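The following exercises are to be worked through with the sequence and the model at hand. Please attempt each task before reading its solution.

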Amino acid sequence: PFGFTVPGGVIYRINNPANRSLTWELTKTKNIGMDFRLVNNRITGTFDVYWKKTEGLLDQMVVNPFAVAISPTVLGNTGELTNRGLELSLTTVNIKSRDFSWRTLINAAFNKNKITKSYNERSVTTGNAKIMEQNLQGYAAYAMFAYDYAGLNNMGDPQVKRADGTLITAPYVTSAEDIIFTGTSQPKWSGGFSNMFRYKAFDLQVNMVFNAGHVTRRDVNQKYSGVNASYSNFHKDFADRWKVAGDELKTDIPSFVPNENVSTSRRSVYYYILGNNNVINASFIKIRDLTLSYRLPKAILDRIHCNDLRVFGQRGNIMVWQASK
């Protein structure tokens with residue numbers, strides 16, 4: 001409890017309410033798999049397909065509004081989740097000779113999930129509440145919701161389009177129906193691709209990883225009022241903000257309004273910050289690590305009474321491709 005002193009005694013209120021109904025998540029799984037070896041074991045691998053159903057999904061639940069608690073939520077069993085997917089692991093010996101060999105290892109996974117039941121569903125009634133929700137009935141887990149951004153008006157204030165097609169700038173008036181689903185922050189596709197080359201005493205290993213099918217929010221400026229531009233750090237996008245009438249035709253970055261009360265009463269800058277225009281494709285492929293090594297000759301190793309000694313150089317996190325900057 002959290003307490004504070006008042007005349008005549010001490011008042012306590014609950015900071016983190018208990019949930020005595022909290023139980024473990026329960027996941028039921030069905031799986032079909034296949035192992036295979038081909039071409040004299042030059043190609044080996046496994047392939048699996050699975051179906052999973054999770055009951056008692058753990059997440060933050062909205063507590064009774066009449067409860068005397070500081071926190072509006074408590075960890076609870078909020079609903080049910082289904083997962084469907086496949087996994088592949090493949091190893092190939094592409095070339096194998098006395099002085100040179102090349103081996104490849106591929107692993108890939110695909111997953112599609114859906115929240116089939118959510119006890120938080122009835123608490124999401126406003127646009128602001130839906131924007132903050134990640135697990136909502138009928139959508140994928142880790143869903144990302146956004147305002148349907150419609151650019152700036154002639155004062156540099158951000159606008160959003162409502163479900164009925166009307167444009168608004170006034171804050172705190174959007175409904176859950178006005179919010180659009182933009183994807184999930186959890187990759188649908190993930191995996192790795194490794195190649196190992198050997199030439200006499202030299203070894204080269206290249207390990208690549210990839211994630212695809214998910215989205216993220218773009219890093220944007222957060223300050224548009226209430227601070228002095230001379231004493232604050234701003235995102236570089238701030239330089240491209242709306243400044244004079246007509247700028248709404250060439251930029252979608254809101255104007256700066258020094259008076260915070262004026263800004264918050266007439267607009268919501270979160271219409272821009274959390275708009276669908278700032279939700280981007282997060283897919284990427286990168287070289288996680290690249291290693292070149294040299295094994296010292298046996299004659300030298302024998303002289304120094306050593307079984308194995310290698311010299312190597314390594315480089316990591318080399319971006320090969322990214323869907324968005």
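The exercises below treat the sheet, one strand residue, the nonpolar core, the salt bridges and one loop residue.

The model is predicted, so local features are reported only at pLDDT of at least 70 and side-chain atom pairs only at pLDDT 80 or more, whereas totals for chains, interfaces and linings use all residues. Residues are numbered from 1 along each chain as its sequence is written, and side-chain values use heavy atoms, with hydrogens and water left out.

**Exercise 1. The open sheet**

Task: Determine the order of the eight strands in the open sheet, and state which strands stand at its edges.

Solution. Step 1: Fix the terms. Strands (E, at least two residues) and helices (H or I, at least four) are DSSP runs numbered from the N terminus, and two strands pair if DSSP finds at least two bridges between them.

Step 2: Read the order. The eight strands follow the sequence E3-E4-E5-E6-E12-E13-E16-E17, with antiparallel pairing.

Step 3: Find the edges. Strand E3 (26-38) and strand E17 (310-322) each have a single partner strand, so one side of each is left without a neighbour in the sheet.

Step 4: Add the geometry. On average, neighbouring strands of this sheet are turned by 15° against each other, direction ignored; the axes behind such angles are lines fitted to C-alpha atoms, for helices over the stretch in contact, and angles run from 0 to 180 degrees between N-to-C directions.

**Exercise 2. Strand E12 and its partners**

Task: Establish how many bridges join E12 to E6 and how many join E12 to E13, and describe the turn of the hairpin.

Solution. Step 1: Strand E6 (residues 100-118) and strand E12 (residues 189-199) run antiparallel and are joined by 11 bridges. Ala109 stands opposite Ser190 in E12.

Step 2: E12 also pairs with strand E13 (residues 202-212), in the antiparallel sense and over 11 bridges. Arg198 has Asp203 in E13 as its bridge partner, and Tyr199 stands opposite Phe202.

Step 3: Two residues lie between E12 and E13 in this hairpin, and Lys200 in the turn has a positive phi of about 50°.

**Exercise 3. Ser194**

Task: Is Ser194 buried or exposed, and with which side chain does the side chain of Ser194 make a polar contact?

Solution. Step 1: Ser194 lies in strand E12. Its relative accessible area is 13%, so Ser194 is buried (buried means under 20%, exposed over 50%, partly exposed in between, with a 1.4 Å probe and protein chains only).

Step 2: The side chain of Ser194 makes a polar contact with that of Asn207 at 2.7 Å. A polar contact is a pair of N or O atoms within 3.5 Å; within protein, one must be able to donate a hydrogen and the other to accept it, and residues adjacent in sequence count only if both atoms are side-chain atoms.

Step 3: Neighbours within four places in sequence aside, Ser194 is in contact (heavy atoms within 4.5 Å) with Arg103, Thr104, Leu105, Val206 and Asn207.

**Exercise 4. The nonpolar core**

Task: Identify the residues with the most contacts inside the largest nonpolar core.

Solution. Step 1: A nonpolar core is a set of buried Ala, Val, Leu, Ile, Met, Phe, Trp, Tyr and Cys residues joined through side-chain atoms within 4.5 Å.

Step 2: The largest such core has 20 residues, and Tyr147, Tyr224, Tyr272 and Ile273 have the most contacts inside it. Strand E7 (143-147), strand E8 (149-152) and helix H3 (270-273) are the elements that give two or more residues to this core.

Step 3: Beyond its neighbours within four places in sequence, Tyr224 has contacts that include Ile253, Phe256, Arg267, Tyr272 and Ile273.

**Exercise 5. Salt bridges**

Task: Which parts of the chain does the salt bridge between Arg267 and Asp157 tie together?

Solution. Step 1: A salt bridge is a side-chain nitrogen of Lys or Arg within 4 Å of a carboxyl oxygen of Asp or Glu. The structure holds 12 of them.

Step 2: Arg267 and Asp157 meet at 3.1 Å, N to O. Arg267 lies in the loop between H2 and H3 and Asp157 in the loop between E8 and strand E9 (158-161), so the pair ties together parts 110 residues apart in sequence. Both residues are buried.

Step 3: For comparison, Arg162 forms a salt bridge with Asp178 at 2.9 Å. Arg162 is partly exposed at 24% relative accessibility, whereas Asp178 is buried at 6%.

**Exercise 6. Pro258**

Task: Where does Pro258 lie, and is Pro258 buried or exposed?

Solution. Step 1: Pro258 lies in the loop between strand E14 (215-217) and helix H2 (260-266).

Step 2: Its relative accessibility is 59%, so Pro258 counts as exposed.
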